[in-house]
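Here's a set of exercises to work through with the model open in your viewer. Try each task before reading its solution.

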Amino acid sequence: MKAILVDKSDRSLHWSDVPDPVMKSDEVLVKIEAAALNRADLMQREGDYPPPPGCPDWMGLEIAGTVALVGDEAKANSPWKVGDKVCALLGGGGYAEYVTVRYDMLMPIPENCSVIEAAAIPEAFATAYLNLFIEGKIQKGNTLLMHAGASGLASVVIPMAKAFDVRVITTVISDEKAESIAHLGADLVVNTNKQNIADVLKRELEAGRPVDVAIDCLGGEMMGSCLPYLAHGARWIMIAALAGTKTEIDLKNIYVRNVRIVGSTLRSRTPAVKAEILASLVRDVWPFVAQGKVKPTIYKVLPITEAEAAHDILYRGENVGKVVLTLP
């Protein structure tokens with residue numbers, strides 16, 4: 001089969017021949033029809049985010065396609081059969097024609113959802129669910145701060161939170177970006193090139209609408225400046241640090257107001273935890289997907305042979321929502 005490999009000399013991407021996957025008894029072989037991009041793919045390409053042991057060397061954390069073969073243990077413990085349309089969360093290996101997946105890392109494609117949309121679901125939806133409900137313990141009527149509102153993850157987190165009656169504040173870097181995410185339904189969109197987000201959160205606190213949960217992929221100086229203006233017992237969840245790894249924190253504010261700072265990545269979770277998250281998605285979120293209330297925003301679709309151009313879109317930060325690669 002073929003897969004996208006990284007040339008170690010210059011980090012360029014090439015559609016190359018690789019060995020066919022060898023399926024274990026508890027796995028399902030999936031013929032990949034679409035694979036969505038994540039920033040983790042860029043980090044892996046640059047050598048900063050190696051795949052977990054046992055995963056293929058090539059990139060790709062979420063795919064959709066058709067079941068081609070089912071192992072004996074997978075048959076005994078799951079409903080999967082040849083021909084089923086599925087999407088899957090992977091440790092790696094999605095930029096390829098085929099992939100083997102443990103049976104409990106697969107989900108049925110939701111009703112009223114295309115294969116391209118389904119490919120953009122597993123990683124982003126699982127990350128959203130993990131940080132909203134497991135780490136964030138968010139409740140109906142709470143206020144969420146979701147940074148980087150034009151990102152692929154935010155395109156899922158915002159409508160998912162709204163579907164569960166959560167008030168949402170999000171940040172963007174331009175009025176154009178604000179307009180581009182209007183369909184997501186955030187209650188307050190803050191252009192951080194015009195407004196200081198800490199000042200906004202202070203006003204929200206004084207108005208009785210403090211942030212209960214924050215999902216932060218930016219970090220940097222801004223993170224520490226926002227912490228004094230959260231609700232008592234708020235959870236600030238760090239998932240990345242694109243704006244810098246250093247900040248200054250008033251520790252007294254943290255313990256007096258019981259603010260919790262939580263570091264969170266999906267990839268580091270055990271397979272059992274990931275399987276539990278996926279089962280929760282199918283149970284709790286799939287009905288909202290079928291109703292059209294929660295869907296990924298697709299920015300651009302390219303053939304997998306143009307993976308390098310697809311990566312460039314993420315490197316430039318031009319995408320609003322997900323970039324997806326398709327296979328013939």
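**Exercise 1.** Work out whether Asp165 is buried, partly exposed or exposed, and find its place in the chain.

*Solution.* Start with the cut-offs: buried means under 20% relative accessible area, exposed means over 50%, and partly exposed is in between (1.4 Å probe, protein chains only). Asp165 has a relative accessibility of 48%, so it counts as partly exposed. Next, the location: Asp165 is in the loop between helix 5 (154-163) and strand 9. Helices (H or I, at least four residues) and strands (E, at least two) are DSSP runs, numbered from the N terminus. Finally, check the backbone: phi of Asp165 is near 60°, a positive value in a residue other than glycine.

Before going on, some ground rules. This is a predicted model, so local features need pLDDT of at least 70 and side-chain atom pairs count only at pLDDT 80 or more, while totals for chains, interfaces and linings use all residues. Residues are numbered from 1 along each chain as its sequence is written, and side-chain values use heavy atoms, with hydrogens and water left out.

**Exercise 2.** Do the same for Asn112: what is its phi, and is it buried or exposed?

*Solution.* Phi first: Asn112 sits near 60°, a positive value in a residue that isn't glycine. Then place it: Asn112 belongs to the loop between strand 7 (106-108) and helix 3 (115-119). Its relative accessibility is 55%, so Asn112 counts as exposed.

**Exercise 3.** Lay out the open sheet of six strands and name its edge strands.

*Solution.* Step one, the order: the six strands run 10-9-8-11-12-13, with parallel pairing. Step two, the edges: strand 10 and strand 13 each pair on one side only. Two strands pair if DSSP finds at least two bridges between them. Step three, zoom in on one pair: strand 8 and strand 11 are parallel over three bridges, and Leu144 stands opposite Val213 in strand 11.

**Exercise 4.** Which residues of helix 7 (residues 197-206) are buried, and why do they line one face?

*Solution.* List them: Ile197, Ala198, Val200, Leu201 and Glu204 are the buried ones. Now look down the axis of helix 7: these residues fall within an arc of 160°, so they line one face of the helix. The arc is that of the directions from the helix axis to the C-beta atoms. The spacing rule helps here: an α-helix has 3.6 residues a turn, so residues three or four places apart point the same way. What covers the buried residues of helix 7 includes strand 8 (143-146), strand 9 (167-172) and helix 8 (220-226). Then check the ends. At the N-terminal end, Asn196 caps helix 7, with a side-chain oxygen 2.8 Å from the backbone nitrogen of Ala198. After the helix comes Gly208, whose phi is positive, near 80°.

**Exercise 5.** Repeat the analysis for helix 12 (residues 307-316): which residues are buried?

*Solution.* The buried set is Ala307, Ala310, His311, Ile313 and Leu314. They cover an arc of only 150° around the axis, which puts them on the same side of helix 12. Their cover includes strand 1 (2-6), strand 2 (13-17) and helix 1. Just after helix 12, Gly317 takes a positive phi of about 70°.

His311 also turns up from the other direction. Asp41, found in helix 1 (residues 39-45), is in contact (heavy atoms within 4.5 Å) with residues including Met59, Tyr95 and His311, leaving aside neighbours within four places in sequence. At 1% relative accessibility, Asp41 counts as buried.

**Exercise 6.** Place Ser264 and find the polar partner of its side chain.

*Solution.* Ser264 is in the loop between strand 13 (260-263) and helix 10 (271-284). Its relative accessible area is 5%, so Ser264 is buried. The Ser264 side chain makes a polar contact with the side chain of Arg269 at 3.0 Å. A polar contact is a pair of N or O atoms within 3.5 Å; within protein, one must be able to donate a hydrogen and the other to accept it, and residues adjacent in sequence count only if both atoms are side-chain atoms.
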